[in-house]
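Here is a short briefing on one molecular structure. Keep the sequence and the 3D view open while reading.

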Amino acid sequence: MDKGGRRRLLRLPPERERALIAAARNAEPVRGLTHGFYKYPARFSPTFARAAIETFTKPGDLVLDPHVGGATALVEARAAGRGAIGVDISPLAEFVANVKCTILSEAELETLESWVVKLPAAIDIYSPSLRFEEYAELGYYKHLTHPARWRLRKAIEQALGRAIALGSPRLERFGRCVVLRTAQWALDGRSKATSVEEFRSNLARFANEMVRGAREFREAVAANGRCPVTVLNRSAAGLEEDIRVRGVSAPRLVVTSPPYPGVHVLYHRWQVDGRKEAPLPFMIANKLDGAGSSYYTMGDRKYPGLKTYFDNVRATMSSVAKIVDERTVIVQMVAFSEPRWQLPRYLETMEEAGLTEALLPTLKDAADGRLWRSVPSRRWYSDQRGKTPASQEVVLFHRKARGAP
Ligand SMILES: C[S@@+](CC[C@H](N)C(=O)[O-])C[C@H]1O[C@@H](n2cnc3c(N)ncnc32)[C@H](O)[C@@H]1O
């Protein structure tokens, strides 16, 4: 809103505005490029990220996602010939983002194709497996020691052994991500253990799909131009002080989803046997999980008024405001457990951060004037009671406030 109380509008060619609204509401499953490498919780739809990038940037421009998660925005930016910076507090997000944004050479892709052919034979319950003692001592095998699960644990160790045998850091990371994807499928949210046979056949299936995705990504980058992508594992709060982003030109677009206020999403662990939390994904990624869930969600959702959450999101978005300029558009996709008070509080927090909201002219007279979308098949529904408002997400548009530092 400007000083006269008028709402600011985001002027776009009408066909671009229509395309952006349609893309935000698109409910097609996530597919293509490297998007299928890991099911990062609460990830964007690539269609939405692509539409935002096409609408607000040109080839060669810079896109920033300060809560990058599974890197949907980075993949789309790089595939479309834009540069990108992704930031996330989670080492698991950093791992996934790096693998998904790596451009593998044709020789590397061929090495992986030969590797995939031999992969199923390596999963053999009668052969030995590597044991990751240091991770075991630190508790990363938690909830995998159940008698119904030792075979699967062994299969995961054998698959990791094959990833490590790939020999180069880039290929090993890709191999680890194949194991991550397959183990997530086998364990996360399942009450019944999967068999080793199912693990073996899915390992090969995911590996094949991922090599195809990596090739598609490589071809898209070759067609649209190669721009640099940087992934930073740190909090976005204070980002403007980071030597790795100082001197970089202002991004034309910030497209991001911070953790959602009051909505519980388990970003960093898998749920095994119902609700038992397993830190295994970090071991597979060869990373350490330093923190509890409120570290990744910006604060305990039971804290009165979600004070920690709003303090944290103010801090990250204040840093965003310091990095952008007047031409940058900031697009956020957010859901709320109780939108009635949380949405106004969220908008207030953005103003405190130095950002001013802008609306799409087509929607300015409809309902509250904002772009809402229904969320298809989100796992975190199960953590809410019934059909809660969190099954709706809102797309918010902001610009740097006039006179903000
Ligand atoms: C909703 S997810 C982002 C999903 C992403 N848009 C995608 O497509 O996969 C929110 C992310 O914010 C990260 N996060 C939480 N606190 C953060 C902070 N202070 N700085 C940067 N990232 C943070 C979480 O680790 C999580 O990965």
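In this briefing, Ala, Val, Leu, Ile, Met, Phe, Trp, Tyr, Cys and Pro count as nonpolar, Asp, Glu, Lys and Arg count as charged, and the others, Gly among them, count as polar. By these classes, the shell around the ligand has 14 nonpolar, 9 polar and 2 charged residues. The model is predicted: local features need pLDDT of at least 70 and side-chain atom pairs count only at pLDDT 80 or more, while totals for chains, interfaces and linings use all residues. Residues are numbered from 1 along each chain as its sequence is written.

**The ligand**

- The ligand is surrounded by 25 residues (a residue is near a molecule or strand if its C-beta atom, placed from the backbone, lies within 6 Å of it).
- The closest residues are Arg43, His67, Gly69, Gly70 and Thr72.
- Two elements, β3 (83-88) and α12 (307-323), give two or more residues each to this shell.
- Such elements are DSSP runs numbered from the N terminus: helices are H or I with at least four residues, and strands are E with at least two.

**Helix pairs**

- Axes here are lines fitted to C-alpha atoms, for helices over the stretch in contact, and angles run from 0 to 180 degrees between N-to-C directions.
- Angles under 35 degrees count as roughly parallel, over 145 as roughly antiparallel, 65 to 115 as roughly perpendicular, and the rest as oblique.
- Helix α7 (150-165) packs against α9 (residues 196-224) at an angle of about 25 degrees, with the axes 9 Å apart; α7 and α9 are therefore roughly parallel to each other.
- The crossing of α7 and α9 is right-handed (the near helix is turned clockwise from the far one by less than a right angle; anticlockwise would be left-handed).
- In this pair, Arg151, Leu152, Ala155 and Ala159 of α7 meet Val196, Phe199, Arg200 and Leu203 of α9, where a contact means C-beta atoms, placed from the backbone, within 7 Å.
- The contact of α7 with α9 has 6 nonpolar, no polar and 2 charged residues.
- The axes of α5 (residues 106-122) and α9 come within 9 Å and cross at roughly 170 degrees, and the two helices are therefore roughly antiparallel.
- Residues of α5 in this contact include Leu109, Leu112 and Glu113, and those of α9 include Arg200, Leu203 and Ala204.
- The contact of α5 with α9 divides into 10 nonpolar, 1 polar and 3 charged residues.
- The axes of α2 (residues 46-56) and α3 come within 9 Å and cross at roughly 50 degrees, so α2 and α3 are oblique to each other.
- Pro46, Ala49, Arg50 and Ile53 in α2 meet Thr72, Ala73, Glu76 and Ala77 in α3.
- The contact of α2 with α3 has 5 nonpolar, 1 polar and 2 charged residues.

**An enclosed helix**

- A residue is buried if 20 or more other C-beta atoms lie within 10 Å of its own, exposed if 12 or fewer, and partly exposed in between, with C-beta atoms placed from the backbone.
- In helix α4 (residues 91-101), 9 of the 11 residues are buried, so α4 is largely enclosed by the rest of the structure.
- Among the buried residues of α4 are Leu92, Glu94, Lys100 and Cys101.
- The cover over the buried residues of α4 includes α3 (72-79), β3, α8 (169-187), β4 and α10 (280-285).

**Two residues in the elements that cover α4**

- Val229 is found in strand β4 (residues 229-233) and is buried, with 23 other C-beta atoms within 10 Å.
- Beyond residues up to four places away in sequence, Val229 touches Leu74, Arg78, Gly83, Ala84 and Cys101.
- Pro281 lies in helix α10 and is buried, with 24 other C-beta atoms within 10 Å.
- Leaving aside neighbours within four places in sequence, Pro281 is in contact with Leu92, Leu180 and Trp270.

**Positive phi**

- Most residues other than glycine have a negative phi.
- His143 is not a glycine but has a positive phi of about 70 degrees; His143 lies in the loop between α6 (133-137) and α7 and is partly exposed, with 18 other C-beta atoms within 10 Å.
- Met298 is not a glycine either and has a positive phi of about 75 degrees; Met298 lies in the loop between α11 (293-297) and α12 and is buried, with 23 other C-beta atoms within 10 Å.
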